[in-house]
Each structure stands twice: as structure tokens, then as C-alpha cells.
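Here is a walk through one chain, starting from a single side chain and working outwards. Have the model open while you read.

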Amino acid sequence: MKTIVSCLLAIAVLLSTVTLYYFNQVAGIVQAVAVLVLGMVLFVVYKIRVNKLKNTLEIVKKFVDEKDITEKYPMPAAVTDKVGDIVWCNELFLSTFLRENSVKTGNISEILGGVTPIALAKSADGYDTEYEDRKFTVYSETVDEEKGLVISFFIDDTYLKDTAEEYYETRPVVMQLKLDNLDEVYKNYRNSECEVISGELERILEIWASDYPCIFRRVSSGKFLVIMEEKGLKKICENKFDILKKIRNYKYGENPVEITLSIGVGRGKTMTECDENSKTALEMSQSRGGDQATVNTDGTLEFFGGTVSGPAKRTKIKARVIAQAYADHVAQSDSVFAMGHCFSDLDSVGAAVGVYEIATALGKQAYIVVDKDKSMAKTLIELLDEKIIPGAFINEETALKKMTDNSLLTIVDTHRAESLESKELYEKSKKTVVIDHHRRTVDYITNSVLYYDEPTASSACEMVTELIQYVPVKVELKALEAEALLSGIMLDTRNFVLSTGARTFEAAAFLKEIGADTVSVKQLFSNNFDNYKQKNAIVSTAVTYKGCAVAVATEHSKDIRIIASQVANELLNVSGVKSSYVLFEEDGKINISARSLGEMNVQVIMESLGGGGHLTMAATQLYDITLGDAVVKLEDAINKYLESQA
């Protein structure tokens, strides 16, 4: 085709020159000379290209001969130059890719897409590509680095990949579903109405399950088992487990029933593993407050939903059972160590004080492990150490020396090993108890002898206060210790505004009866004048972003953590602000303190950034990043959260 076009162009130039010469001899001669010179230049360029191509083909021929790559090579092979043009190929490549209506430009990018053969040659890994209806794995090798020549081999593994994909798509997964608060809901309806509600809920689940070919069975009241293929689960994940919203929005007549669903999904190598993983996943969903799904892939957890507060389902029976079990563990130990999270706050310290007094009442030597210099409850610690329990507060080094194989470590207000005041002490401990009110995260402590978590409790101090009332001995709390526990409750509820239930006020009333003074507690939250001025300075940097307030602390102080949390709380008082975030730098890390009034789940947002916390109070730390980039990253996390709610 190119030859025909060239011939026609030459004839046209010749006719043009003759015509011009006929009308103007001088102009015709000039054009003839110009055409002759241009022709000679083109001929020289052509010869150079031919010689270059000849040289290239000689290099290619030498290479393919050495490698014994003949025209009959059993897989498509092609040599390309620097720009990806095909300079040589075997018969199989020709018949596979260069047939009619196939590769048109002669450039291998039509087959490989964005990646270049030169880049592939630098990697030992194969590259997967699809062309028309076939699938290939491509391996490349350098022929001549200076000239940029690369040979690429195309392995047609369409059948293998289709078979592998079909195998993966048809792998079985086990899903367990449980209606979280069915018993509580039924208390508000007659038996006949309960049967109707139960039937309608089951019908909603059946209709939803029918969209994904599966086996759906009710195993007990409010509990269901689903067995389906991986491709069905993939669609459910793409739809973000929309059944959670359908159940949450269910109405009986015109009245919302306010029932939620927890889902646990298990993937594994065998059906037994799938079943066990689904049970673990369901337990995780419920421990995080319900109204969510957890997908457990051989221990790797992925969460869906859980963006609103789950139903408050707590009984005093559980508190009594835990109190008795905890007392038994204390009785069997030589000593007890109470420890919270690093940068301890009033809730962490207050709960540890409660644990200390329980152990003391049971006749055991007890200690509270805390770094006083980094604590946000330093004033409280100093008061207790001076007036009530001198010598009870010890640092990590002292605790490691005092701990024995029969010591009991009680962790309060956190369940993550990475967040502990002393990870080394936890690793040394042979017996560990966890008491926490935060929603469980993926990296929770799994080797505890007793794990007491209540996501619907206001604070760790509330939980410990209940244990104090139910342990089988009388615990004598001093007024200041009661104030320590009350301060923790007031901190996490923001003065009884958020996350409060009837039992929160019962715990507060119990502490008040002992002698807790609310005025004294209020003084534990007071700031000095410098901190007050810095707090106002941070507030002045706040901007709104999609209903969220974001502020940045540009100056550092020793009390920056306390100040940041106070600013985050204060920003929630601004009209239209659903959540607040304060960023500050400390020890080379960017810290984010997040708060909300419950409409937005800041724990989910912080979890996406590697942190955690509670529905209305959470935090995270970012490494190797600037404050500006951290703000951008936070905004991206907020965007993803809001998109998930759409």
C-alpha cells in the first residue's frame, strides 16, 4: 500500500514539473532541481534506514540463533525497538496478532497497553494481558540494550486463567447472620405481632439472599446460616452489605422497629475453616456494637457498615459473672498490675485506680503502671500519689522488675497491644485481663484469660465501677478515688451528653454516694492560662469541610494532647459541625484527635487511617508525613466515609 502511494506521488510530482516547465522554463528547471535534490536526500535516508534495519535484523538473527528461537517456536515471540515497533516476529506471533483486522500500527502497545517491553525486561515477573478473546502472560528479555531491542514471549494461558478464575469464583464461603436485639424488640409487642415481625424480617433476608445463588437456612430464632459461592460474596461486598440498611429501616406498620443485623463471613481453605472464621467474624461484628458485617479471610478482617451506634444491649448479669471471674483470677495471682493506654487520660487512670482497689480488697499487692510525664491526667495522679495511694504508681522499668510468672496484668481502656503504656510488660505477662469499652479492632489482644468488652458502655470507668459493686468483697473507695472514676465517665461522655445510658447514671450515682464531689472533678479538667491561649489559637485555625471542622496546631507544648482533645470537643459546639478533627505534630508523628456527636462515626474514619477508638471519640497517628499532607489524607478519609453513606 505504501509503495503504491509513493509511486502515485512521484508521478504527480513529475507531471507537475513538466507542466510548470511548459509555462515557465526557469521555474520548471528550479522545481526539477529541487525535486532531484529532495529525491537524493530521501534515497540517502532510505539507505540509512535500510542499513540500520539490516544491522538490527543481523543482531536479532544472531540472538534468536543463539537462543534457538526459530520461526516454528512454539509460542508467539516478537522483537521490538525502543519505541515498541515490531522489527521481527515468528510465525505464531504473526498468525496470532498480525492477522487481518488485528494489530494495525505494527506497534506492540496495541497488545501490551501502557507497559513497555523495556520495562518488562527489567522485571523477572510475568505481565498479564488480554487481547481480543485470549489471555497471555508476557515475559521479556533484552536483546541489545544500546539499541533498545527487546524480545517478548507470549504464553497463551487462557484456559488456565479461566479455570483458575472459575475455581476462585466458585469457592464456598460461610455467612452467619444474627438479629442483634430481637429479644428487646419483642418486649414491646404482643406474641402475634412478634410472629409477624419475625416472618417479615425473615422474608426480607430471603429476598435479599435470592439475588445471590446460595443456601439460606434459619438455624434458630433470629439466627441464619448462608452458604454461597465467592462470586456471590463479591457482589454483596460491592453493594456494601445493603441488607444491613434494609433491616435497620424495617418498620412494623408505620413504626420503626429499630432492629439491627450482625453478619460474620468466613473464607478458608476448607468448609470447616470457613465455618470457624464466620463464627469469629460474627463475634467481632457484635463486639463492635452490631449493625455491621465482618469478612474474615484466614484471620484478615474487613468491615462493612457499623457507621451508627448499635443497640444498647447490656445486662447486669454479665457484669456479675465477669466480676466473679475476675475476682477468681486475682485470687489465684501473686500480684496485680493495672495498665491503660499510652498518653493515659482520666478514663484510663480512673479505671486503673478502680482495678487497684479491687485487687487490694482481695488481699493482693497491686500497682498502676503509668508514665507520669506523658500522662494527660498528671494532676489526678499527683493527688492520688500524694494523699491516697502513695507508691501505687510505678513506671515501666519498675513494673518489669516486680512482675512474676504468677502476676496478673489488667489492661483497661484499650485492647490493642500497640497502644499500651508498656508493650514489653504485656509481652512478659503470663496472664492478662482486658476491660475496655471501645469497639474491637483487627489487632485486638487475643491471648487474654478474660476479655470484657462493652462497646455500648460510656467508659472504662463505668465498667470498672460496676465490677466494684459486684466483686465478692467490699471495696473501700476513698472520695478522691471515686472522683477519679467519675472524671473518667465525665470525660468520655462529655459531661453526660454522649454515650450515656441508665447504667451510666447508676454508676455515677454510686460514686456520688461514696463521696465524689463534682466540683472537684470539674477542677481536674481546668487549664492554666497558657493552655487556654493556645486552645484559642488552634480554634482560630479551624475550617469546615463537608460538615466537619478541621483545625491544626502550629505550635507545640507539653500539654498539646489535652489541648487538642479539648479543642476537638469545643468545635462540636459550632452549628452544622457533625465531627471535628485537630491535628498536631509530636515526636515526628502527626496526631489526629477526632470527635463527633454520634451522627458521624469517627472511629471508622480513624480506622481507615490506621487508628481507632469509639463512635464519638477516636484518634490516629500518621508517620513520615507533613501536616499539610495529613490534612489531605484526612479529607480523603472523610470523603470515602461520606461516599459509603450515600
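Is Thr 294 buried or exposed? Thr 294 is buried, because its relative accessible area comes to 0%. Keep in mind that this is a predicted model. Thr 294 belongs to strand β12, which covers residues 292-297. Its side chain makes a polar contact with the side chain of Ser 285, at 2.7 Å. Setting aside residues up to four places away in sequence, Thr 294 touches Ile 263, Gly 264, Val 265, Ala 281, Met 284, Ser 285, Leu 301, Glu 302 and Phe 303.

From there, hop over to Ile 263, one of the residues that Thr 294 touches. Ile 263 is part of strand β11 (residues 261-267). Why does Ile 263 count as buried? Ile 263 counts as buried because its relative accessibility is 0%, and the cut-off for that label is under 20%. Beyond four places in sequence, the contacts of Ile 263 include Met 175, Gln 176 and Leu 177, then Phe 241, Ile 243 and Leu 244, and also Ala 281, Leu 282 and Ser 285. Gln 292, Ala 293 and Thr 294 are among its contacts too. Ile 263 and Leu 244 sit 19 residues apart in sequence, with 8.6 Å between their C-alpha atoms.

Next stop is helix α10 (residues 243-248), where you will find Ile 247. Ile 247 is buried as well, with a relative accessible area of 0%. Outside its neighbours within four places in sequence, Ile 247 is in contact with Leu 179, Leu 201, Ile 204, Leu 205, Ile 259, Thr 260 and Leu 261. Ile 247 and Val 257 are ten residues apart in sequence and 9.3 Å apart in space, C-alpha to C-alpha.

The loop between α9 (230-238) and α10 holds Lys 240. Here's a backbone detail to look at: most residues other than glycine have a negative phi. Lys 240 is not a glycine, yet its phi is positive, about 55 degrees. At 44% relative accessibility, Lys 240 counts as partly exposed. Lys 546 has a positive phi too, about 50 degrees, and is not a glycine either. You'll find Lys 546 in the loop between β20 (543-545) and β21 (548-552).

Now for the rings. How many aromatic pairs does a search of the whole structure find? The search turns up 13 aromatic pairs. Two of them are set out here.

| Pair | Geometry | Centre to centre | Angle between planes |
|---|---|---|---|
| Phe 97 and Phe 136 | tilted | 5.2 Å | 50 degrees |
| Phe 337 and Tyr 367 | stacked | 5.2 Å | 25 degrees |

The tilted pair links distant parts of the chain: Phe 97 is in helix α3 (residues 91-97) and Phe 136 in strand β4 (residues 134-144), 39 residues apart. Both Phe 97 and Phe 136 are buried. They also belong to one aromatic cluster, together with Phe 93, Tyr 131 and Phe 154.

The stacked pair has Phe 337 in strand β14 (residues 335-339) and Tyr 367 in strand β15 (residues 365-369), so it ties together parts that are 30 residues apart in sequence. Phe 337 counts as buried at 0% relative accessibility, and Tyr 367 counts as buried at 13%.

Charges sit over rings here as well. Arg 561 lies over the face of Phe 343, 3.4 Å from the ring centre. The charged end of Arg 440 sits over the ring of Tyr 444, at 4.7 Å from its centre.

Helix α14 (residues 378-387) is a nice one to look at down its axis. Which residues of α14 are buried? Leu 380, Ile 381 and Leu 384 are. They lie on the same side of α14, because they cover an arc of only 100 degrees around the axis. On the other side of α14, Glu 386 and Lys 387 are exposed. The cover over the buried residues of α14 includes α13 (346-361), β16 (393-394) and α18 (479-493).

Finally, zoom out to the whole chain. Its secondary structure comes to 24 helices and 25 strands. Of the 646 residues in the chain, 48% are buried. Among contacts with a separation of 6 or more, 62% are between residues 24 or more positions apart. The chain exposes about 32400 Å², and carbon and sulfur atoms supply 54% of that area.

Terms used:
Residues are numbered from 1 along each chain as its sequence is written. This is a predicted model: local features need pLDDT of at least 70, side-chain atom pairs count only at pLDDT 80 or more; totals for chains, interfaces and linings use all residues. Side-chain values use heavy atoms; hydrogens and water are left out. Rings of Phe, Tyr and Trp (its six-membered ring) pair if their centres lie within 6.5 Å; planes under 30 degrees apart count as stacked, over 60 as edge-to-face and the rest as tilted. Helices (H or I, at least four residues) and strands (E, at least two) are DSSP runs, numbered from the N terminus. Buried means under 20% relative accessible area, exposed over 50%, partly exposed in between (1.4 Å probe, protein chains only). A charge sits over a ring if NZ of Lys or CZ of Arg is within 6 Å of the ring centre and within 35 degrees of the ring normal. A polar contact is a pair of N or O atoms within 3.5 Å; within protein, one must be able to donate a hydrogen and the other to accept it, and residues adjacent in sequence count only if both atoms are side-chain atoms. Contact means heavy atoms within 4.5 Å. The arc is that of the directions from the helix axis to the C-beta atoms. Accessible areas come from the Shrake-Rupley method with a 1.4 Å probe; for residues, only the protein chains shown count as cover.
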